[in-house]
Protein chains: 2
Amino acid sequence: MPPAEDRAERAERILDAAADLLLRVGYRRTTIEDVAERADVGKGTVYLHWKNREELFLAVLLRESVGVLEELVATIAADPLSVRLSRLTEIQYANVLKRPLLRAGYADDAETLGKLLPKLHGKLDPRHAEAFVEYLDLLAANDLLRTDRPVRELVVAFQAVLNGFLGASPPPEPALIADTVAHAFEPLAVSTRQLREVAPRALTLFTEAVALDRKQLERAY
Amino acid sequence: MPPAEDRAERAERILDAAADLLLRVGYRRTTIEDVAERADVGKGTVYLHWKNREELFLAVLLRESVGVLEELVATIAADPLSVRLSRLTEIQYANVLKRPLLRAGYADDAETLGKLLPKLHGKLDPRHAEAFVEYLDLLAANDLLRTDRPVRELVVAFQAVLNGFLGASPPPEPALIADTVAHAFEPLAVSTRQLREVAPRALTLFTEAVALDRKQLERAY
DNA sequence: GTTTGACCAAATGAGAAATTTGGTCATATG
DNA sequence: CATATGACCAAATTTCTCATTTGGTCAAAC
């Protein structure tokens, strides 16, 4: 079996199996043997990829996180206007809701995710969070964000708003968070020209962030 | 022992004891006997006031809720300008944070509140939630709230924002939620004159709501 | 060199026994 | 009499024990 290509493929298969079981059975009740069987590998093989059970399931969540980030990058690449904070928020919010595992994460669904959640944040990023602040700084420097308050405060408020929407049940329409964010954090007029100007730099920022997270993920052999 | 006055006094004492233990020991580990002893009454006496353990502790939380509402009413009575949504939110937010039990409630602190939380909402109000919507309707009818979106949607967004802030840790400064709410839900200009005009009617609304909740509470003999 | 499943220590679960606790009520008290 | 109480009991919770399962390893197979 050619090691190079197939190895990554097998890792994906194991992650698929783990993700599926995680969603249907929950963290606590999903055993490594279940995962191995579903992925058509021996139990020992799973440990050739991840050093223990927890790392495996964290990798599942990390892959999901990388997934939405990649979707975001693709969206910005296709349409520069989506760098606008309200639009970007709407897209990310909708994308997170589309992914049951992330949704479970934000809804604090302990049944399916168990004690995994607290540890995910530690796993996610060294500089992932920074990238978002830099993005807001970038917006602020181009009159695409309110400037009457320090970005540091806006970040806190934004996180609160986003978590509020993600935690609400049933989840409000994406259009509603877009509207709320637009009013709460954007200046009265948002210049299309400046959006186009800023887009490439934001794209770079997010691309770098996604690359970092992906590296974290690929520590799975 | 004169039944009239002392009965209510004793109920308060029991609630005090229960609140104290709830906070320090948590719902699961606080026994009725603990409460009775701390309140200097016999165990049976507790059951002369509440029909079971759950009702007692729900009464504790209900009393807290009534407490913040009463604070709010007093504030509006003293200063009509505090009917402004952003100001009112700031006040309520700060008041909730001041009360550890309510704070625990919003932070989903299962350790101290156990399985009490879901049931509180059922206990709180028949029309408590309606009152808030009516308040927003009132604001909207007087250009004190954005009118480019149906109040129904603003309610949802507002709840999400409020929960987001209350759930954040550490809790952001009250001034920050005030600012966020002002931008997200208020029109560009808020008329002081109209605030004064609306204040009495809002006061009536909240006074009625607090009276209803208090009745619920006084079903504790 | 790579994969695997038998193997083992440790965690988890099931069940019985012991303890605690919610809720009642006959009795005591004033 | 009216009210308050703690002894009392069924039911829930905790503790202890034992059986089973599971995470993780590694010698053997490929």
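**Exercise 1.** In this predicted model, determine which residues come nearest to DNA strand C and which elements supply the surface near that strand.

*Solution.* Begin with the surroundings of DNA strand C, where 16 residues are found and where A:Gly42, A:Gly44, B:Gly44, B:Asn52 and B:Arg53 come nearest. Next, assign these surroundings to elements: two or more residues are given by α3 of chain A and by α2 (32–38) and α3 of chain B. Of these, α3(A) gives the most, with four residues. Finally, sort the surface by class, which yields six nonpolar, six polar and four charged residues.

**Exercise 2.** Carry out the corresponding analysis for DNA strand D, and state which element provides the largest share of the surface near it.

*Solution.* DNA strand D is surrounded by 16 residues, the closest being A:Gly44, A:Asn52, A:Arg53, B:Gly42 and B:Gly44. The elements giving two or more residues are α2 (32–38) and α3 (43–49) of chain A, together with α3 (43–49) of chain B. The largest share, four residues, comes from α3(B). By class, the surface near DNA strand D comprises six nonpolar, six polar and four charged residues.

**Exercise 3.** Identify the relation between chain A and chain B from their superposition, and find the residue of chain A that comes closest to the rotation axis.

*Solution.* Superposing chain A on chain B takes a rotation of 179° with 0.0 Å of shift along the axis, and leaves an RMSD of 0.1 Å. The relation is therefore that of a two-fold axis. The same surface serves both copies, since 100% of the contact residues of chain A recur in chain B. Within chain A, the C-alpha atom of A:Gly164 comes closest to the axis, at 1.8 Å.

**Exercise 4.** Check the length of helix α11 (residues 174–185) of chain A against expectation, and work out how it is covered.

*Solution.* At 1.5 Å a residue, the twelve residues of this helix should span 16 Å, and because its end C-alpha atoms are 16 Å apart, the two values agree. The helix is mostly covered, with ten of its twelve residues buried; among them are A:Thr180, A:Val181 and A:Ala184. The covering elements include α5 (85–98) and α10 (151–167) of chain A as well as α10 (151–167) and α11 (174–185) of chain B.

To follow individual contacts, take A:Val161: leaving aside residues up to four places away in sequence, A:Val161 touches A:Thr180, A:Val181 and A:Ala184, and also B:Val161, B:Gly164 and B:Thr180. A:Val161 is in addition one of the residues with the most contacts inside the largest nonpolar core, which has 122 residues.

Terms used:
Residues numbered from 1 in each chain as written. Chains lettered and ligands numbered in written order. Predicted model: local features only at pLDDT ≥ 70, side-chain atom pairs only at ≥ 80, totals over all residues. Near = placed C-beta within 6 Å. Nonpolar A, V, L, I, M, F, W, Y, C, P; charged D, E, K, R; others polar. Core = buried A, V, L, I, M, F, W, Y, C linked by C-beta atoms within 7 Å. Buried ≥ 20, exposed ≤ 12 C-beta atoms within 10 Å, placed from the backbone. Contact = placed C-beta atoms within 7 Å. Least-squares fit on C-alpha atoms with pLDDT ≥ 70 in both. Expected span 1.5 Å × (residues − 1).
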